[in-house]
Amino acid sequence: MHADPHGVLTGVHFLDGDHACCEGTLAAGARFSAGYPITPSTEVVERFASRIPTVGGIFIQMEDELAASIAIQGAVWGGAKAFTVTSGPGFSLMMEHIGYAAMTETPCVFVNVQRGGPSTGLPTLPAQADMMQARWGSHGDYGIIALCPNSPQECFDLTVTAFNLAEEFRVPVMLMLDECVGHMTEKVVIPEAEKIEVMPRRYTKLPPAEFRLFRPAENDAPEMTRAGEGYRFHVTGLTHDERGYPSMNLETQDRLVRRLSTKLASLAGERALFDAADLDDAEVVVVSYGITSRVAQRALQLARQRGIRAGKFRIISAWPFPAEHIASLAGRVKALVVPELNLGQMVHEVARAASGKARVIPVSHAGGSVHDPAEILKAIEEAVR
Amino acid sequence: MNVTELENACEVPAGACNPVEPFLRMERMPHIWCPGCGIGTTVNCFTRALLDSKANLDKVAVVSGIGCTGRVAGYANLDSFHTTHGRAIPFATGLKLANPELQVVVYSGDGDLFAIGGNHFIHAARRNMDLKVICVNNLTYAMTGGQTAPTTPGEVISATSPYGVFEPAFNLVALAEAAGASYVARWTTYHVNQLARSMKEALAKKGFCFIEVLSPCPTLYQRRNKMGDGLDAMKFYKQVSKVRNGAPTSECALTKAGEIVVGKFVDRDRPGYFDLLKGQMTASLGDRYAEPEILC
Amino acid sequence: MTKGFVAIAVERCKGCGFCVEFCPTHVLALSSAYNSKGYHAPNVIAVEKCSGCNLCGMYCPDFAIFGGRNAR
């Protein structure tokens, strides 16, 4: 299905990541957003508030992030494509409802424009320290998808992808920006609506008597419905059976909770999103994501100039973690260098996937600015010594 | 040895059906509520209100929070949502905004709506969001074992106030009115006909409507305080309730053994959220304003 | 044929006594019989006084009783 032209600002623009993300939501078909102001994310919803009344939809600023993160889910069950936007402290507040979305298989998008933390931290400065939280922040066992754009263009493109994946897998998708990507201004090309692929909601065609809201379909994710259509369905965060009724026994728990993670398995493997280059002859590979990958790009350039066979593996879908790809890389190179704007988060996933086959060298940073390319270059040189 | 044959069985016409049953997921009966709990009674009233208002049941959605009353969503044969603790109202807000054709009813308990959910309650009332909020007030957190709620009157014993509650309790109807609710009423589970009528009025009225229903919790609230069983509570409601329609809500606080003022206290017209939204948008944007087309 | 009837789902009853207490014409009394869970369900002791008002049904928290009018 193609994007609805009403929401597509076709053209060549000069936008920052936050603004491009907003345009992505509109192109993807989002017509409802609930938000709460928090630096450095607020511009996404400020632009949405400004654009949506002429596109045809609603933005509501809720009283807190707990309200925003659940209001979007109410809207989804009412039939909307919906999203909310936040940063660290708000992301923490939203955790219960991210778990609710995962448990009830509610397709929706959470944008986190990461900033320095913990706590109030550095509201106007970048970090990438919520990556583990995106995966594990809510209680219990569940799965989510997380995407990491590294440019305003990707803030547009991956937002559309986020909505599509949410619909396909009936799962909440985390769009992990950072303050730098969110506030950097670059060229953003928005194609014509017919060129933008949008996944329609997988509404069931089965009649109410036959439809089971939590029975997995071919891709292990159930089909969807919405209130008001006579399905008389029930949604609960309690462990539930295929009808959605509370069914609190071991068998139901095992079946449901495992499926919530395993339904996403293809994204760890053949459907993982990444951007790789110069791997064929590589002796060391820099594994990075988000804004750090832009800095790493410079370090890789310098490394090649010095004769080091350095390759790039840029993670775009961070969760589920592309373990198979990293494992295969680790078997072919001496070392994997993992720069992050945190004290080591995704590097642990890399190390686990590498399983000792290659050295894993973190380049940590407490946050507040991007790395100096020299820091990453130093690690690359160290890797091949 | 138990004897299940009643002494006098009454002749029942063929095909006679309890009018509440079409509204329930009968395959999930029996429900989890205790003997003498009043939540089921409120469900009968709600059913009657739906019937009398000739509601299109496909368009009625029930949103609950967590707690004993929160379980109503699971038993109602409607599109129903058992959400997170305290957050039924913002969920319902999103649901209603996405599809205004839906009649969205929030059915939850006193702790859920007014402790953890307090902030959401006042903002939805402030906005005059078109929601019907039914609060079954059993003066406690029943599901988790009878802890102190913001409505628990001093000086009863509760699970978390073993020496007696000393905090002042909320006056829910005053709070609702102050926050901006368009319709505010209080009844008890004794007042089945009046409650059903209030629910019907709320269903017909646009805007934020709030109905508080006092209900027994014999297993926890009452047992700890030697207040008898559900029937004793019901008799107490009958005895001490005074119907004062239109009474100032500030004078309607509940006390441990004092008078229970019931009635319809507030029924006013305030501009609805959608009216305000559309009014402001068209004033600012003229014909550039596009009517929301939210459903995907 | 009486004016009203009362139908009782004995197994669903939890013996709370609301219906017995609040029937306006005292049609019901708690039975000496009890169901498989040990609860005493109501018993119709004066069906001729039943108007079919269904107040018993309105009060019952367990959906275990309802009344109605017999067709004339």
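pLDDT is the predictor's confidence in each residue, from 0 to 100. With that in hand, here are a few friendly notes on this model.

1. Please keep in mind that the model is predicted. Chain C has a mean pLDDT of 95, with 100% of its residues at 70 or more. For the model as a whole, the scores are ipTM 0.97 and pTM 0.97.

2. Let's take chains B and C next. Their contact draws on 34 residues from chain B and 33 residues from chain C. On the chain B side, helices α1 (39-52) and α9 (230-240) each supply at least two residues. It is α1(B) that gives the most to this side, with six residues. By type, the chain B residues that touch chain C comprise 19 nonpolar, 10 polar and five charged.

3. Now turn chain B towards chain A. Here 40 residues of chain B are in contact with 44 residues of chain A. Two or more residues of this side of chain B come from each of α2 (72-75), β2 (79-82), α3 (88-98), α5 (118-127) and α10 (273-285). Helix α3(B) provides the largest share, eight residues. The side of chain B that touches chain A divides into 19 nonpolar, 12 polar and nine charged residues.

4. One detail to look up in your viewer is strand pairing between chains. Strand β10 of chain A (residues 234-236) and β2(B) run parallel, joined by three bridges. Which residue of β2(B) is the bridge partner of A:Thr236? That partner is B:His82. Strand β2(B) is also among the elements that give two or more residues to the side of chain B touching chain A.

Technical notes: Residues numbered from 1 in each chain as written. Chains lettered and ligands numbered in written order. Predicted model: local features only at pLDDT ≥ 70, side-chain atom pairs only at ≥ 80, totals over all residues. Contact = placed C-beta atoms within 7 Å. Helix = DSSP H or I, 4+ residues; strand = E, 2+ residues; numbered from the N terminus. Nonpolar A, V, L, I, M, F, W, Y, C, P; charged D, E, K, R; others polar. Pairing = 2+ DSSP bridges.
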